[in-house]
Amino acid sequence: MKYGKEFASQMVPEWQEAYTDYKFLKSLVKEIQVFKQINRPAKLADPRRSNTLYRAFSGLTQRVNSPRAHQAAAADIEHQPILVQHVSRDGEERSETMFLMAADDGGQHELVYFKRLDAEFNKVLKFYRLKVDEVMKEAAVLNKQMEALIAFRVKVERPEGWTNSVEETTQLASDTAASRDALLANTPSAMKASRRIPLAVIDEESSTLSSQESEADRKQGNVEMKAVNARIQELKQNEIKAKRPAPLEILKRVTFNTSHETPRSTIKEFLKLPNQADLKFTKDNLKKAEDQLKRAFVGFYQKLRLLKSYSFLNIMAFSKIMKKYDKVASRNASKSYMKMVDNSYLGSSDEVSKLMERVEAMFIKHFSNSNRSKGMNILRPKRKRETHRITFSMGFLFGCTTALIIALILIIRARHILDKQGRVLYMETMFPLYSLFGFIVLHMMMYAANVYFWRRYRVNYSFIFGFKEGTELGYREVLLLGFSLSVLALASVLANLDMEMDPITADYKPITELLPLGLVALVIVIILCPFNILYRSSRYFLLVCIFHCLLAPLYKVTLPDFFLADQLTSQVQALRSLEFYICYYGWGDYKHRRNNCKSNDVFNTFSFIIAGLPYMWRLLQCLRRVYDERDPHQGYNGLKYLLTIIAVCARTAYTLNEGPAWKIIAWITSIIAMILSTYWDIVVDWGLFQRKSKNRWLRDKLLVPHKSVYFVAIILNALLRLAWMQTVMRFTIFSLHRQMMAALVASLEILRRGLWNFFRLENEHLNNVGKFRAFKSVPLPFNYNEDEDKDE
């Protein structure tokens, strides 16, 4: 694999703009190569005669009073094509490369190359410094959280031995002296001595450090070492003054950190009731705090890993591109440039590595019972490997699905089922029952296609949805589940037809009618199965999102919650099928395939409710986001869903009570809702039709290289929105039964939703990229009283 592709594949997707633009640098080297090939016969000019920069430097060295001291430097300048130096501008350390062979043939191309190379390096260095500062601050916060957790744990587990808790916490500072000794021995400047690794100290008493100067330093008069020692002495004095409180005092200054993510806390917050939980020393609270802090440490460790990978990949990119440049331009510049890179903060900083070591030691000791393999498996979860078993099973089930569909068509045509009198009754009763599985399978297939294209175009969907690393389902797993359900549903349909038409099995008609209900029960049992089989983490994630949708707006709205609610708005017909299940098997005469659901007022009333319920969930979620985020756009989005609810109810009323008045109302409300929804899909959710965009009518950044794809998607989204109007326009295709038409329209809406999903997440991913947002905040268990800290 070429390094450019390997480099791109290992990038953090949200940081891609902060990485070295290796592709562009490679194109500049390619231009140098082309120029060299075209002008190969020409003789290179003597740098002593043609290079003004060389003459300036040589003249400068000749005017120096001590030629011997600078003779070696002059020789180096003579043979080195570049001179790399560090400058400080606006308080930031930057690198500037002076190209000394600009007068050579093709020198202008090389000059442009080095200017762009410096710009890329300075960009990478600035970003790396910023991220290291962020993790250092977060480490300090986690350090305080860990102090409170240890004190809390000792209080719960050994309340009588509280005064001996020093023994429990002292061991956590075992690496303090070693880390500071390393600081003393390895810090090249006083500036580095001022940096501290926050997670190095978790103790209620300060550790002392001898800051005596070594005899060698006093003899040599090393000024830099004295500055380092003075700084460490200052840190020692500051720690003695700001002595950490004892565990009992720590617990007096902390409370549980409550977030408005539960119905109870939401109600308290809305009613302005006190919502701060005092510390209660119970094992349940201890377990809750440990779980929260455990997740925080896992997330923090992932940040450190990505940051370390970021440093390594960029250094490797500079090394590769400089070697390529040396080979093409016949220079020897990579050695001096990479020496600068290695000595820079990007190459020499070790804060991230030290933090990783300390997090590993702390996590293994306190969250995995000193079991290193267990702790490291949690901190470094293994990526899910796609096995051939999944691919084979998926292909096998796809073949079974195809065979069952062909068999079903042949049986219908061979036995002339469509010509029999019972076909209307079958369409009114059994078809709505089985169409439920068709809607679910189609939606799963669309989601599998979304996952495939998200991965192809590097949309970080697992981060956006918040999937636990290593548990997200790939498109093969989704297709495997979808085809499994389709095989069960089609086998049930064939068994239903065979039992009904075979004279031998005709007496078992009640069992025939119970087949779809049994299949629904099987699916519900599998989803609710508590055992760690059949992708339990994904099933649990789905159930949590469904629960949050049902209780909207009592839960804080996250992207997975409103994304799932949007999917449910496209599954209104499936929800109506579930309503029909309840009516048919609860109050109907399913043994004789009879029901009066359509004429039941209760059923018709619930038809209104079911039609608008998914949109009502989205409306409540928008109102909650308006309350939490104070974002007026969410209010406009809620207004859109309110108009959609009115349109859906009007169409349902027109279906049940035909009349010119209901028809006009349904027409007007549907057109308004369709226009607003289409505009919101394209402009807000997809981020297209931006003014002053470099891609006309689209947006500045596009992941799909072909612009025509976006225009086709816009047209298809608008056309498929017209499917809403089928209820009002009452058009039919080939004299299909109205249940079949309803299923066809519902399928078109599912296809539209699948199309919407890809571009919606693409836009979300690009927003994360623009903000370099690669991590999600994890709630911490304890809340410190900062006012008391300041007083002390």
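Cys-597 sits out of sight in this predicted model: with a relative accessible area of 0%, the residue counts as buried. Its partner is Cys-583, and the two form a disulfide with sulfur atoms 2.0 Å apart. The link is left-handed, with an angle of -110° about the S-S bond. Cys-583 belongs to helix H26 (residues 572-586), while Cys-597 falls in the loop between H26 and helix H27 (601-629), so the bond ties together parts that are 14 residues apart in sequence. Cys-583 is buried too, at a relative accessible area of 6%. The structure holds one disulfide. As for other cysteines, Cys-622 is buried at 0%, whereas Cys-649 is partly exposed at 24%.

Next come the aromatic rings. A pair of such rings is described by the distance of the centres and the angle of the planes. The count for this structure comes to 39 aromatic pairs. One of them joins Phe-127 and Tyr-310, whose ring centres are 5.2 Å apart and whose planes meet at 55°, which makes the pair tilted. Phe-127 is part of helix H6 (residues 107-157) and Tyr-310 is part of helix H14 (residues 283-329), so this contact ties together stretches that are 183 residues apart in sequence. Both partners are tucked away: Phe-127 is buried at 8% relative accessibility, and Tyr-310 is buried at 0%.

Phe-127 and Tyr-310 also turn up in a wider group. Ring pairs link them with Phe-7, Trp-15, Tyr-19, Tyr-22, Tyr-128 and Tyr-345 into a cluster. Tyr-345 has a charged companion as well, since the cluster member is covered on its face by Arg-129, at 4.3 Å from the ring centre. A second arrangement of this kind involves Arg-630, whose charged end sits over the ring of Tyr-627, 5.2 Å from its centre.

Then there are the salt bridges. A search of the whole structure turns up 24 of them. Lys-36 and Glu-110 make one, with a nitrogen-to-oxygen distance of 3.7 Å between their side chains. Distant parts of the chain are linked here: Lys-36 is in helix H2 (residues 22-38) and Glu-110 is in helix H6, 74 residues apart. Both Lys-36 and Glu-110 are buried.

Helix H6 shows up again in the bridge between Arg-153 and Glu-290, where the closest N and O atoms are 3.1 Å apart. Arg-153 lies in H6 and Glu-290 in helix H14, with their positions 137 residues apart in the chain. Arg-153 counts as buried, at 11% relative accessibility. The pairing of H6 with H14 echoes the contact of Phe-127 in H6 with Tyr-310 in H14.

A further salt bridge brings Arg-372 and Glu-360 together at 3.8 Å, N to O. Arg-372 is in helix H18 (residues 372-379) and Glu-360 is in helix H17 (residues 351-367), so the parts tied together are twelve residues apart in sequence. The two ends of this bridge are not equally covered: Arg-372 is partly exposed at 48% relative accessibility, whereas Glu-360 is buried at 12%. Finally, Asp-21, Arg-116, Glu-120 and Lys-123 are linked in a network of salt bridges.

Note on methods
Residues are numbered from 1 along each chain as its sequence is written. This is a predicted model: local features need pLDDT of at least 70, side-chain atom pairs count only at pLDDT 80 or more; totals for chains, interfaces and linings use all residues. Side-chain values use heavy atoms; hydrogens and water are left out. Rings of Phe, Tyr and Trp (its six-membered ring) pair if their centres lie within 6.5 Å; planes under 30 degrees apart count as stacked, over 60 as edge-to-face and the rest as tilted. Helices (H or I, at least four residues) and strands (E, at least two) are DSSP runs, numbered from the N terminus. Buried means under 20% relative accessible area, exposed over 50%, partly exposed in between (1.4 Å probe, protein chains only). A charge sits over a ring if NZ of Lys or CZ of Arg is within 6 Å of the ring centre and within 35 degrees of the ring normal. A disulfide is a pair of cysteine sulfur atoms within 2.5 Å. A salt bridge is a side-chain nitrogen of Lys or Arg within 4 Å of a carboxyl oxygen of Asp or Glu.
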